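Here is a short tour for anyone who likes to know a protein before picking up a pipette. Have the model open beside you and follow along.

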Amino acid sequence: MKRSLALVIVTVAIVGAHRVSAQEVTPGPGTLEVTVTPGGATLFTSKNGAPDFGTYSLGGALTYNINRFVGVEGEVAGGVGIPQDLSFNGVSREQKPPTTLNYSANLVLSASTRSSVVPYVTGGVGGLTVFDRPELDIVKTDSYLTGNAGGGVKWYAPNGRWGLRADYRFIALRGKDGGAAFLGRDDRYGHRVYGGVVINGVR
């Protein structure tokens, strides 16, 4: 009798622990998420004499998920110029484009998948700071208004603590009088892609 009772108690304890564990660890977004972006690329297309150029992008983002579907995100990404062929002021040669810093506040809308794979769309507004590079006639650090729209997909590990993220953004940069000729004084556009690691915070 005692052995039977002990066996029932042990069985209930194991099953109960398994159920609690399954409830506590659910793949998916946490209330707070940090995205670390070790690698990506940004390409601005040419327009009215302003050349196209690309940079290596790295940075991060902090996301507050109001619920499983809606979140707000603050994002910062640095663009490091890498040597490339640039045609500017009638001269074509290999040189580095300027270093940039992009920052934005975005709204993130996630699909209701109830699985470890979560597609999303996002968009927002922010700014782009372009640091001086005299070789390209950029004689001062200047900032421009930007908007972005895009989307991507997140995958969450079974333990719910981390994940991976792939993201694409279409970037619209507003030109301004007095801006550097390298960037152009007209509105122009760019594309950014990156891969990142998601770290889940409060759940």
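At 45% relative accessibility, Asp137 counts as partly exposed, because that class lies between the 20% and 50% limits. Please keep in mind that this is a predicted model. Asp137 sits in the loop that runs between β7 (117–130) and β8 (142–156). Its backbone is worth a look too: Asp137 is not a glycine, yet it has a positive phi of about 60 degrees.

**Strand pairing**

From that loop, let us move to the strands. β7 and β8 run antiparallel and are joined by 14 bridges. One pair to find on screen is Gly123 with its bridge partner Ala149 in β8. On to β9: β8 and β9 also run antiparallel, with 11 bridges between them. Here Lys154 stands opposite Arg165 in β9. The hairpin of β8 and β9 has five residues between the strands, and in this hairpin Gly160 takes a positive phi near 75 degrees.

Now turn to the strands with lower numbers. β1 and β2 pair in the antiparallel sense, and Thr35 has Ala61 in β2 as its bridge partner. β2 pairs with β3 in the antiparallel sense as well, and there Ser57 stands opposite Gly79 in β3. The connection from β2 to β3 is a hairpin of four residues.

The table collects the bridge counts for these pairs.

| Strand pair | Sense | Bridges |
|---|---|---|
| β1 and β2 | antiparallel | 11 bridges |
| β2 and β3 | antiparallel | 11 bridges |
| β7 and β8 | antiparallel | 14 bridges |
| β8 and β9 | antiparallel | 11 bridges |

**The nonpolar core**

In soluble globular proteins, nonpolar side chains tend to be buried together. In this model, the largest nonpolar core has 14 residues. Those with the most contacts inside this core are Phe44, Phe53, Val130, Ile138, Tyr144 and Phe182. The elements that supply two or more residues to the core are β4 (84–88), β7 and β9 (162–173).

What does Tyr144 touch, leaving aside its neighbours within four places in sequence? Tyr144 is in contact with a list of residues that includes Gly126, Gly127, Leu128 and Val130, and also Leu173, Arg174 and Lys176. Gly179, Ala180 and Leu183 are contacts of Tyr144 too.

**Cavities**

How many cavities of 30 Å³ or more does the model hold? The count comes to four. The largest cavity contains about 90 Å³ of space. Its lining has 13 residues, and the closest to its centre are Thr42, Thr100, Asn102, Leu128 and Arg192. β1 (32–44), β2 (53–65), β3 (70–81) and β6 (100–110) each give at least two residues to this lining. By class, the lining of the largest cavity divides into five nonpolar, seven polar and one charged.

The second largest cavity has a volume of about 50 Å³. Thr37, Ser57, Gly60, Glu75, Val76, Ala77, Arg192 and Tyr194 line this second cavity. Two or more of the lining residues come from each of β2, β3 and β10 (188–200), and β3 gives the most, with three residues. The lining of the second largest cavity is made up of three nonpolar, three polar and two charged residues.

Some names come up in more than one place. Arg192 is among the residues closest to the centre of the largest cavity, and Arg192 also lines the second largest one. Likewise, Ser57 stands opposite Gly79 in β3 and lines the second largest cavity. Leu128 is a contact of Tyr144 and is listed among the residues closest to the centre of the largest cavity.

Conventions:
Residues numbered from 1 in each chain as written. Predicted model: local features only at pLDDT ≥ 70, side-chain atom pairs only at ≥ 80, totals over all residues. Heavy atoms only, no water. 1 Å grid on protein atoms, 1.4 Å probe; cavity = no way out; pocket = protein on both sides within 12 Å on 5 of 7 lines; lining within 4 Å. Points joined across faces, edges and corners; volume = space filled by probe spheres on them. Nonpolar A, V, L, I, M, F, W, Y, C, P; charged D, E, K, R; others polar. Buried < 20%, exposed > 50% of the residue type's maximum accessible area, 1.4 Å probe, protein only. Core = buried A, V, L, I, M, F, W, Y, C linked by side-chain atoms within 4.5 Å. Contact = heavy atoms within 4.5 Å. Pairing = 2+ DSSP bridges.
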